[in-house]
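Work through the exercises below with the sequence and the 3D structure open. Try each task before reading its solution.

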Amino acid sequence: MKRIHVAVGVIINSQNQILIAKRHEHLHQGGKWEFPGGKVEEDETTSEALIRELKEEVNLNTSETTPFMELSFDYPDKQVFLDIHKVTQFTGAVQGVEGQEVKWVCREDLTDYQFPEANQPILEKIIQQN
Ligand SMILES: Nc1nc2c([nH]c(=O)n2[C@H]2C[C@H](O)[C@@H](COP(=O)(O)OP(=O)(O)OP(=O)(O)O)O2)c(=O)[nH]1
Ligand SMILES: [Mg+2]
C-alpha cells in the first residue's frame, strides 16, 4: 500500500482558538473531526498544498505555514503520513466550502471531539503547548 502524504493545518486565531472541521460520512474516517487539509500533489511542497487546501476547504487565504510535527499512521485500509503545519496568519471568514461543519474551539475543549486515531499525538502536543 502506498503511504498518502497529507498536509494538515493547525489553524489558530487571535483568540487562541483552533479550527476543526467534520469529515463527511462517506470519506475515509468519515464522521470524525479533523484539522483541515488534504493530499499533497506531485510538485507541491507541504506548505503549498496546505495553502491550496485551506482555500478549497474552508475559504481561508494564507501565505505562510510553519512545520509543527510529522507522523505516520497505518489504518487497516490506508497508510498516511501527516505533515502538520501551524497557521496563524490568514485572512477571510471561515466557511465549510464542501458543506462540512466547521468550528473554532479552545485548546482545552479539543478532547470533547472525536478525531481519527492518528491524531492523538497532535492533540497531545497542542494541549501541552498551552
Ligand atoms: N485533513 C486531515 N486528514 C486527516 C487527519 N487525520 C487523519 O488521519 N487524516 C487522514 C484522513 C484521510 O485518509 C487523509 C486526508 O485525505 P483527504 O480525504 O482529506 O484528502 P483531500 O482533502 O485531498 O481530499 P480528496 O483528494 O479525497 O478530495 O488523511 C486530519 O486531522 N486532517
Ligand atoms: Mg481534506
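The exercises concern a predicted model, and they go from the whole chain to the sheet and then to the ligand.

**Exercise 1. Work out how many helices and strands the chain has, and in what order the elements run.**

Step 1: Counting gives 2 helices and 7 strands.
Step 2: Reading from the N terminus, the elements follow one another as β-β-β-β-α-β-β-β-α.

**Exercise 2. Determine whether the radius of gyration of the chain agrees or disagrees with that of a compact globule.**

Step 1: The chain has 130 residues, and the globule rule, 2.2 Å times the number of residues to the power 0.38, puts a compact globule of that length near 14 Å.
Step 2: The chain has a radius of gyration of 14 Å, so the value agrees with the rule.
Step 3: For the overall dimensions, the C-alpha trace spans about 40 × 35 × 30 Å along its principal axes.
Step 4: As for burial, 29% of the 130 residues count as buried, the cut-off being 20 or more other C-beta atoms within 10 Å of the residue's own.
Step 5: Among contacts with a separation of 6 or more, 66% come from residues 24 or more positions apart.

**Exercise 3. Establish the strand order of the open sheet of 4 strands, and place helix 1 relative to strand 1.**

Step 1: The order in this open sheet is 4-1-6-5, and the pairing is mixed.
Step 2: Strand 4 and strand 5 (66–74) are the edge strands, each pairing on one side only.
Step 3: From one strand to the next, the twist averages 20°.
Step 4: Strands of a sheet pair through backbone hydrogen bonds, in either a parallel or an antiparallel sense. Strand 5 and strand 6 are paired antiparallel, over 8 bridges. To locate this pairing on the model, find D74, which stands opposite Q79 in strand 6.
Step 5: Helix 1 (residues 46–58) lies across strand 1, strand 4 and strand 6, and it runs at about 65° to strand 1.

**Exercise 4. Describe the shell around ligand 1: which residues are closest, and which strand gives the most?**

Step 1: Ligand 1 is surrounded by 18 residues, of which E34, G37, G38, K39 and P116 are the closest.
Step 2: Strand 1 (4–11), strand 4 (37–39) and strand 6 (79–87) each supply at least two residues of the shell.
Step 3: The strand that gives the most is strand 4, with 3 residues.
Step 4: By residue type, the shell divides into 9 nonpolar, 5 polar and 4 charged residues.

Key. Residues numbered from 1 in each chain as written. Chains lettered and ligands numbered in written order. Predicted model: local features only at pLDDT ≥ 70, side-chain atom pairs only at ≥ 80, totals over all residues. Near = placed C-beta within 6 Å. Nonpolar A, V, L, I, M, F, W, Y, C, P; charged D, E, K, R; others polar. Pairing = 2+ DSSP bridges. Axes fitted to C-alpha atoms, helices over the stretch in contact; angles between N-to-C directions. Contact = placed C-beta atoms within 7 Å. Buried ≥ 20, exposed ≤ 12 C-beta atoms within 10 Å, placed from the backbone.
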